[in-house]
Each structure stands twice: as C-alpha cells, then as structure tokens.
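Open the structure in your viewer and keep the sequence panel visible. The tour below says what to select at each stop and what is there.

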Amino acid sequence: MRKPNQIKLKILITLAVMAYALIMYWFKVPCMIFNLTGVKCLTCGMTRAVFSALRLDFSAAFSYHSMFWSLPILYLYFLFDGKLFTKKFLNILIIVIIVIGFVNNWLFSTII
C-alpha cells in the first residue's frame, strides 16, 4: 500500500503537468528546444496531439504526434511505480516499445 505522502506527491505532479500543458496550449508557447536548437524534441507536438484527441479529432492527433496514445499507459506506470504487470519482462517490454515509438516518430518528423 502506498503512503499518503506518495499519493499526495503524485497528485501534485499530475496537477503540475496538466497546468503546464494547459499554459503551453492556451498561450501557444512554441517548443523551447526547437527554438534554441532548430531541432524538434521527442515530444514536439504532444500537447496539440493530446488536445486534439480530447476533442475526438484523432486524425489531427496522429498528425501532431503519433505516440499520443501512449500517455495513459505511461501515466499508469507512473501511478503504479513502473509495475503494471507481475512479470518484470512485460513491464520493460512495454516501455521499450513506447520508447522505440517515440524515437521512430521523432526520426520521421525530422526527416520528412
């Protein structure tokens, strides 16, 4: 069982990330990494993709960032301390697949 302080910390982190995403979206803040280096980061377009998915515009979401669907899975890993499955191999495999997806998305978005 998790300690109350761990739960409070995870709720606080969740709210902070949500507030950051809302600020980035509302004020149309461009990616700082892209502005500084001219190279897209692994998560460029993720905020727009998530908000498009929330509007049920999945074609736009996929066009902004094809890995937007992985955020709920990653959030579950965050909540359950990286242990969604009883077998460690499955936990690692899912994370590796998601990382490969992010790198693949990044490579194709910077090349094309």
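How many salt bridges does a search of the whole structure find? The search finds one. Keep in mind that this is a predicted model.

**Stop 1: the salt bridge**

Select D81 and K10 and show their side chains. The two side chains meet in a salt bridge, with 2.5 Å from N to O. The pair links distant parts of the chain: D81 sits in the loop between α5 and α6, K10 belongs to helix α1, and the two are 71 residues apart. Side chains of opposite charge can pair when their charged atoms come close. Now turn on the surface. D81 is partly exposed, with a relative accessible area of 45%, whereas K10 is buried at 12%. K10 counts as buried because its value is under 20%.

**Stop 2: the whole chain**

Zoom out and colour by secondary structure. The protein chain has six helices and zero strands. Read from the N terminus, the elements therefore run α-α-α-α-α-α. The C-alpha trace spans about 45 × 30 × 30 Å along its principal axes. Of the 112 residues, 21% count as buried. Among contacts between residues at least 6 apart in sequence, 43% join residues at least 24 apart. The accessible surface comes to about 8,500 Å², and 76% of that belongs to carbon and sulfur atoms.

**Stop 3: helix α3 and its cover**

Select residues 46–54, which form helix α3. Which residues of this helix are buried? They are M46, A49, F51, S52 and A53. Next, show α1 (4–26), α4 (58–64), α5 (71–79) and α6, which are included in what covers these buried residues.

Pick out S52, which lies in helix α3. S52 has a relative accessible area of 1% and is buried. Leaving aside neighbours within four places in sequence, S52 is in contact with D57, A60, A61 and Y64.

Move to one of these contacts, A60, in helix α4. At 16% relative accessibility, A60 also counts as buried. To try the distance tool, use the C-alpha atoms of A60 and T47: the two residues are 13 apart along the chain, and these atoms are separated by 12 Å.

**Stop 4: two positive phi angles**

Most residues other than glycine have a negative phi, and most peptide bonds are trans. Two residues to look at here are L56 and K28.

Select L56, just after α3, in the loop between α3 and α4. L56 is not a glycine, yet it has a positive phi of about 65 degrees. Is L56 buried or exposed? L56 is exposed, with a relative accessible area of 64%.

Then select K28, in the loop between α1 and α2. K28 has a positive phi of about 50 degrees, although it is not a glycine either. K28 is exposed, with a relative accessible area of 69%.

**Stop 5: C31 and its contacts**

Stay in the loop between α1 and α2, where C31 has its place. Leaving aside neighbours within four places in sequence, C31 is in contact with C41 and C44. C31 and C44 are 13 residues apart in sequence and 6.7 Å apart in space, C-alpha to C-alpha.

**Stop 6: the largest pocket**

Rolling a probe the size of a water molecule over the atoms shows where empty space is left. The largest pocket has a volume of about 1,600 Å³. Of the 48 residues that line this pocket, select the closest to its centre: A21, M46, T47, V50 and L71. Elements giving two or more residues to the lining are α1, α2 (32–37), α3, α4, α5 and α6. Which element gives the most to the lining of the largest pocket? That is α1, with nine residues.

**Stop 7: the nonpolar patch**

Return to the surface view and select L76, F80, L84, F85, F89, L90, L93 and I97. Together these residues make a nonpolar surface patch of about 680 Å². Helix α6 (residues 88–111) gives the most to the patch, with four residues. An α-helix has 3.6 residues a turn, so residues three or four places apart point the same way.

End the tour on F89, which lies in helix α6. F89 has a relative accessible area of 60%, and because this is over 50%, F89 counts as exposed.

How values were computed
Residues numbered from 1 in each chain as written. Predicted model: local features only at pLDDT ≥ 70, side-chain atom pairs only at ≥ 80, totals over all residues. Heavy atoms only, no water. Patch = residues over 30% accessible without salt bridge, like charges linked within 9 Å, V, L, I, M, F, W, Y side chains within 5 Å. Areas by Shrake-Rupley, 256 points an atom, 1.4 Å probe, with all protein chains shown as cover. Salt bridge = Lys/Arg side-chain N within 4 Å of Asp/Glu carboxyl O. Buried < 20%, exposed > 50% of the residue type's maximum accessible area, 1.4 Å probe, protein only. Contact = heavy atoms within 4.5 Å. 1 Å grid on protein atoms, 1.4 Å probe; cavity = no way out; pocket = protein on both sides within 12 Å on 5 of 7 lines; lining within 4 Å. Points joined across faces, edges and corners; volume = space filled by probe spheres on them.
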